[in-house]
Amino acid sequence: MKLTCLSRGKGFYFPPCHMLSVCGFRILIDCPLDLSALAVFAPIPPGFSAVQDEEDLERSVDESVGCESGNGERENTEKPMNAKALIRSEPWYKTVANLHLWNLSFIDVVLISSPAGMLGLPFLTRAKGFSAKVYVTEATAKLGKLMMEDLVSMHEEFRQFYGSEEFSSPHWMKWEELESLPSALKEIVLGTDGIELGGWMPLYSAADIEDCVKKVQRLKYAEVACYNGTISIKPISSGLEIGACNWTIRYPDGTIGFVSSSEFVPGHALAFNYNALRSCDVLIYSDFSSLDIPETANKGSNYPAPEDSSTSSNLEELLLHADESSEEMDKLNFICSCAIDAVKAGGSVLIPIGRLGMILQLLEQISICMESSHCEVPIFVISSTAEELLAYTNIIPEWVCKQRQEKLFSGEPLFAHVELLNGERLQVYPAIYSPKLVLRWQEPCIVFCPHWSLRLGPAVHLLRHWHGDEKSLLIWEEGMDSDIALLPFDLKEMKMKVLRCSFLSGIVLKKVQPLIHVLQPKIVVLPEDFRQQIISPVADSYSVLHYSVNETLKLPTLKEDSELEITPDLISQLRWKNLKDQNFSITRLKGNLIMSDAKRQILPSDELSCSKSEPLFLWGTLDLQRLLARLSEMGIGGSLQEDSATDGSSDARILHINAPSEALLEIRSTSTLISAANEELAFRIRDAVDSILDGT
């Protein structure tokens with residue numbers, strides 16, 4: 001069993017990616033896109049044509065070349081960091097670069113843990129030779145499809161501006177172009193090691209998305225899927241997002257628990273079901289976000305190993321303590337109060353947050369704050385998939401937290417946006433240029449729209465419209481360099497207030513070790529970054545291994561012997577024979593080997609398992625002196641010869657038979673060959689050999 005971390009990711013929007021080898025099968029866990037890398041591209045400029053934009057680009061290049069030619073030779077200088085330094089071209093999208101080092105046709109299984117982990121899947125499913133089985137929860141499949149369709153819809157604006165491109169390398173991938181980029185942008189394109197250029201791909205199409213979702217197998221929480229009879233796979237709720245999950249992978253020699261980014265007490269999704277991981281032999285922890293959570297939330301991260309059940313009970317109480325949940329609610333309340341203050345002052349609020357759960361909760365809290373403050377401004381949601389998305393989130397009670405399920409039982413909607421839509425306080429439109437939106441547009445207002453990268457979608461146009469208004473507010477989630485993200489919007493004239501916020505993206509560090517103590521696996525596999533953060537267990541209750549990015553970690557075998565189930569009917573037919581001078585017995589077994597639900601079973605075949613008509617199986621070392629004596633008793637004369645074997649090898653002894661007729665025996669360490677012209681004599685010699693060897 002081997003584990004390779006292909007990418008540690010960058011939090012909620014770019015989850016980690018791993019390759020796990022179990023029983024000879026390769027399992028890819030998550031296939032995300034690094035959409036923060038879109039920061040290197042310039043959004044479509046307002047009021048310009050593609051031809052004029054290209055002429056400006058060529059003019060700036062000619063001027064720079066002219067300046068260099070005056071010095072006699074070209075100097076390796078980079079562009080200053082400003083809006084003109086951004087790449088003006090149809091964007092490509094950055095995938096997990098290390099994944100391209102693997103042969104995609106050798107991947108057997110793909111597990112998708114969250115909607116964000118699904119965004120790169122069409123790149124795999126459209127690849128030649130890819131035939132892996134893809135498993136994903138029903139909710140993640142639906143939400144992931146909507147996210148991909150929205151991404152393609154927003155990207156279409158670039159294609160309309162720049163025109164269609166062939167799949168060959170674009171001009172900005174030329175080395176001289178990359179060398180001229182500012183260092184910060186070059187690092188985004190090439191990575192810190194300068195080897196990530198191969199991870200950039202042109203975006204897939206709507207047809208690719210349809211083909212992709214047809215190839216996935218949808219599962220409910222705790223539903224078991226068996227692959228090839230050898231491994232069984234089960235998703236369990238992680239609490240991070242609606243439909244997000246962790247995985248248990250059971251194979252004949254044990255059970256693996258895979259923990260992705262999780263949340264114990266979420267405000268919208270079904271809570272982290274950590275109890276389903278208690279029976280795991282190996283626990284693989286891949287939640288890197290624990291290291292990115294503010295230090296105040298991680299204070300007191302080390303805990304001693306529990307010595308009794310009462311301590312374990314106390315640790316479980318710590319895990320379920322809703323301190324992070326209350327902090328998240330305080331953040332939401334603060335964001336809503338800032339939004340209300342902005343609209344009261346006459347400004348508008350732009351919220352390009354991409355988390356579905358946060359959007360749903362913000363809609364609830366903002367409506368409550370508006371009622372309590374007697375503030376009435378329109379709330380717009382602008383997205384090509386918003387209407388379908390909001391409709392879907394109100395019919396999925398099995399995927400949301402217990403508190404919201406209770407609302408449904410009491411006759412209330414799961415989320416408050418249903419009442420807002422019915423009261424027309426919330427208006428949903430597919431695009432910013434929708435005729436109905438133009439007619440009903442009113443400022444000040446509050447707008448939810450994609451995209452959080454500030455490079456594509458309605459957010460670009462609205463930010464250009466409001467960036468000079470000091471009364472307006474941008475509520476923006478952390479995860480990107482603000483200086484680079486805001487470059488296209490004229491930082492000198494940027495008067496719009498910016499409220500940067502961060503939301504919980506996984507388990508806080510102080511709960512990692514208590515979680516391990518509660519689950520009590522045999523082996524814990526942690527990222528190398530955790531080596532200094534997590535104390536080793538006081539007692540040898542489990543062993544800890546650490547993995548690094550792009551390095552393969554070999555996991556120890558848990559069982560020396562494999563288990564095999566034999567039916568009682570078959571056992572009753574077995575005939576055992578005790579071995580001479582050895583303390584065990586042996587028998588011949590015939591049946592059908594079945595691999596099902598990660599178990600090996602022998603079922604009876606149509607014929608009896610121990611038929612007397614079958615040839616004997618013999619084993620042991622052939623004693624030549626005993627064989628000569630036995631042959632002499634049977635009236636067969638022979639002698640040992642020093643000649644080599646018939647094939648010229650020297651690892652065989654030769655026994656020559658001269659009476660009652662000629663025959664020859666070649667005795668090797670693993671076989672004995674009898675050569676005789678007389679068939680009756682050959683059978684008599686075989687019987688002599690059988691009489692001095694064990695057999696069945």
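# A guided tour, stop by stop

Select Asn228, which sits in the loop between β9 (225–227) and β10 (231–237). Its phi is near 60°. That is a positive value in a residue other than glycine. Keep in mind throughout that this is a predicted model.

**Two cis peptide bonds**

Go next to Pro444. This residue lies in the loop between α13 (435–440) and β17 (446–448). Look at the bond that links Glu443 to Pro444: it is cis, with omega about 0°.

Now jump to Pro660, in the loop between β30 (653–659) and β31 (663–667). Here the peptide bond from Ala659 is cis, and its omega is near 5°.

**A meeting across the sequence**

Select Ala97. You will find Ala97 in the loop that runs between β4 (93–94) and β5 (109–111). Add Leu197 to the selection. The two residues are 100 apart in sequence, yet their C-alpha atoms are 7.7 Å apart in space. Which residues does Ala97 touch, leaving aside its neighbours within four places in sequence? Show Glu196 and Gly199: both are in contact with Ala97.

**Helices α3 and α6**

Select residues 138–162 for α3, then residues 206–214 for α6. The two helices pack at an angle of about 170°, and their axes are 10 Å apart. Is the pair roughly parallel or roughly antiparallel? The angle of about 170° is over 145 degrees, so α3 and α6 are roughly antiparallel to each other.

Turn on the side chains where they meet. From α3, show Lys145, Met148, Glu149 and Val152. From α6, show Ala206, Ile209, Glu210 and Val213. Colour these residues by class: 5 are nonpolar, none is polar and 3 are charged.

**Helices α8 and α9**

Move on to α8 (residues 323–344) and α9 (residues 356–372). Their axes come within 9 Å and cross at roughly 55°. The pair is therefore oblique. The crossing of α8 past α9 is right-handed.

Show the contact residues on each side:

- On α8, pick Met329, Leu332, Asn333, Ile335, Cys336 and Ile340.
- On α9, pick Met358, Gln361, Leu362, Gln365, Ile366, Cys369 and Met370.

How many of the residues in this contact are charged? There are none: the contact has 10 nonpolar and 3 polar residues.

**Helices α18 and α19**

Now select α18 (residues 624–633) together with α19 (residues 679–692). The packing angle is about 130°, and the axes are 10 Å apart. That angle makes α18 oblique to α19. Here too, the crossing is right-handed.

Bring up the side chains:

- α18 offers Arg626, Leu627, Arg630 and Leu631.
- α19 offers Ile685, Ala688, Val689, Ser691 and Ile692.

By class, this contact holds 6 nonpolar, 1 polar and 2 charged residues.

**The cavities**

Turn to the empty space inside. How many cavities of 30 Å³ or more does a search of the whole structure find? The search finds 4.

Start with the largest cavity, which holds about 620 Å³ of space. To centre your view, select Met147, Asp150, Gly354, Ile359 and Leu389. Of the 32 lining residues, these five lie nearest the centre of the cavity. Then show the elements that give two or more residues to the lining: α3, α9, β15 (379–382) and α10 (386–392). You have already visited two of these helices, α3 and α9. Which element gives the most to this lining? It is α3, with 6 residues. Colour the lining by class and you get 24 nonpolar, 5 polar and 3 charged residues.

End at the second largest cavity, with a volume of about 120 Å³. Select Pro15, Ser114, Leu240, Ser260 and Ser261 to find its middle. They lie nearest the centre among the 16 residues that line this cavity. The lining here divides into 7 nonpolar, 8 polar and 1 charged residues.

Notes. Residues numbered from 1 in each chain as written. Predicted model: local features only at pLDDT ≥ 70, side-chain atom pairs only at ≥ 80, totals over all residues. Heavy atoms only, no water. Axes fitted to C-alpha atoms, helices over the stretch in contact; angles between N-to-C directions. Helix = DSSP H or I, 4+ residues; strand = E, 2+ residues; numbered from the N terminus. Parallel < 35°, antiparallel > 145°, perpendicular 65-115°, else oblique. Left-handed = near helix turned anticlockwise from the far one by under 90°. Contact = heavy atoms within 4.5 Å. Nonpolar A, V, L, I, M, F, W, Y, C, P; charged D, E, K, R; others polar. 1 Å grid on protein atoms, 1.4 Å probe; cavity = no way out; pocket = protein on both sides within 12 Å on 5 of 7 lines; lining within 4 Å. Points joined across faces, edges and corners; volume = space filled by probe spheres on them.
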